[in-house]
Amino acid sequence: MQDLPPIGGYEPVQWKRNLPSRGFRPSIYFWGITGLMAFGFYRYYQGVNEQRELLRERQWARFYLEPLLVAEEDRNLARRYFSEKARQDLVRESMSEETKAKFDEEIYNDKSKLRFPKYTAGVHPSER
């Protein structure tokens, strides 16, 4: 005698693994990362716009301060020029006549321009 299947048949064979899913669905990860990146780009371009505005403000401040800066530079050049002339007079007093003649020779042949000294030698004014 042969065994027969039970009435209604056997239960289906479980061939697939039934593991619990870990984490969210992939679409939730996709939209989460997309939203995070969108927020990052938004904040980045806010910063770019702010830097652009600061640069524009700095440029306009420079435009408005330009006459003051030019006047300050002219005053500084004049101060250095006259202090150099005074220093040359002090040095000239202690020279012999032949050295004084060499000292008084003009360096430039062109007399049409006033050339301000770029560098001055000697003691710093605060040390006098």
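On the surface of this protein, I33, M37, F41, Y44 and Y45 form a nonpolar patch, and together these residues have about 580 Å² of accessible area. The model is a predicted one, and its protein chain has a secondary structure that comes to 2 helices and 0 strands. The points below describe the chain as a whole, then the patch, and then the salt bridges, of which the structure holds 6.

**The chain as a whole**

- The protein chain has 128 residues, and buried residues make up 3% of them.
- About 13,100 Å² of the protein chain is exposed, and 59% of this area is supplied by carbon and sulfur atoms.

**The nonpolar patch**

- F41, one of the residues that form the patch, lies in helix α1.
- With a relative accessible area of 49%, F41 counts as partly exposed, because the class called exposed begins only over 50%.

**Salt bridges in helix α1**

- Side chains of opposite charge can pair when their charged atoms come close.
- R62 and E66 are one such case, since their side chains meet in a salt bridge with a nitrogen-to-oxygen distance of 3.3 Å.
- Helix α1 covers residues 26–93, and because R62 and E66 are 4 residues apart within it, about one helical turn separates them.
- R62 has a relative accessibility of 47% and therefore counts as partly exposed, while E66, at 32% relative accessibility, also counts as partly exposed.
- Another salt bridge joins the side chains of E84 and R87, where the distance from nitrogen to oxygen is 2.9 Å.
- E84 and R87 both lie in helix α1 as well, at a separation of 3 residues, or about one turn of the helix.
- E84 counts as buried because its relative accessibility is 12%, which falls under the 20% limit for that class, whereas R87, with a relative accessible area of 24%, is partly exposed.

**A salt bridge in helix α2**

- The side chains of K100 and E97 also meet in a salt bridge, with a distance of 4.0 Å from nitrogen to oxygen.
- K100 and E97 are 3 residues apart in helix α2, which spans residues 97–103, so they are separated by about one helical turn.
- E97 has a relative accessible area of 61% and is therefore exposed, since that value lies over the 50% limit.

Technical notes: Residues numbered from 1 in each chain as written. Predicted model: local features only at pLDDT ≥ 70, side-chain atom pairs only at ≥ 80, totals over all residues. Heavy atoms only, no water. Buried < 20%, exposed > 50% of the residue type's maximum accessible area, 1.4 Å probe, protein only. Patch = residues over 30% accessible without salt bridge, like charges linked within 9 Å, V, L, I, M, F, W, Y side chains within 5 Å. Areas by Shrake-Rupley, 256 points an atom, 1.4 Å probe, with all protein chains shown as cover.
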